[in-house]
Every structure is written in C-alpha cells, then in structure tokens.
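Biologist: Thanks for sitting down with me over this one. Could you bring the structure up so that we can talk it through?

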Amino acid sequence: MSSPMPVPQKFLTGARLGTRVVVRYRIEGGLTDALGELVGQADGECTVRTRHADVVIPLALVVAAKEVPPAPPRRAPR
C-alpha cells in the first residue's frame, strides 16, 4: 500500500491551472520560494510562472504550498 501524498503536493496536483500560488521547496543549501501562476502539472512536477521565468519544481522537493491572493496593481512610474 502506498502512503498518502503529503498535503502540499496534493494541493499542487489538484489546483486549477492559473491559480496564483507560493511554493516553498528544497534547493542545495536550503529552501527557496516560487511565487506566481501555476501553469503546469505533470510527471511528478509542477511549473510556476514567476515574474522572471517559468520555474519547474519536482513535487518531491516541495515542503509547503498554498494559494495566494492576486498581485496588487503595479504603481505608475513617477
């Protein structure tokens, strides 16, 4: 019998594409976060479109994930 999927991974595999999320995951030397739109879920990984790039995150490295509210509107240049 396989063990149940941890909660953050279950959230990411069940979330609707386009949901704004923050994902904390392990990297060499510690942890980091990806904040952006969930744009992919496949083969044990998810893809988050951040402001700078698409970040592909192996679900096995995820330690926390949740939905976050829409980004505030950008301020006009002065």
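Biologist: How many residues are between E3 and E4 in the hairpin they form?

Modeller: Happy to help, and please keep in mind that this is a predicted model. Strand E3 covers residues 45-49, and strand E4 covers residues 54-58. The hairpin that E3 and E4 form leaves a stretch between them of four residues.

Biologist: In which sense do strand E3 and strand E4 pair, and over how many bridges?

Modeller: One bridge joins glutamate 45 to its partner in E4, proline 58. Taken as a whole, the pairing of E3 with E4 is antiparallel, and the number of bridges is five.

Biologist: Which residue meets aspartate 54 in a salt bridge?

Modeller: Side chains of opposite charge can pair when their charged atoms come close. For aspartate 54, the N to O distance in the salt bridge is 2.7 Å, which lies within the 4 Å cut-off. The partner is arginine 49.

Biologist: Is arginine 49 buried, partly exposed or exposed?

Modeller: Buried would need under 20% relative accessible area, and exposed over 50%. Arginine 49 has 42%, and its salt-bridge partner aspartate 54 has 40%. Because its value falls in between, arginine 49 counts as partly exposed.

Biologist: How many salt bridges does a search of the whole structure find?

Modeller: Besides the pair we discussed, aspartate 33 forms a salt bridge with arginine 24, their closest N and O atoms being 2.7 Å apart. Aspartate 33 is partly exposed at 39%, and arginine 24 is partly exposed at 38%. For the whole structure, the search gives a total of two.

Conventions: Residues are numbered from 1 along each chain as its sequence is written. This is a predicted model: local features need pLDDT of at least 70, side-chain atom pairs count only at pLDDT 80 or more; totals for chains, interfaces and linings use all residues. Side-chain values use heavy atoms; hydrogens and water are left out. A salt bridge is a side-chain nitrogen of Lys or Arg within 4 Å of a carboxyl oxygen of Asp or Glu. Buried means under 20% relative accessible area, exposed over 50%, partly exposed in between (1.4 Å probe, protein chains only). Two strands pair if DSSP finds at least two bridges between them. Helices (H or I, at least four residues) and strands (E, at least two) are DSSP runs, numbered from the N terminus.
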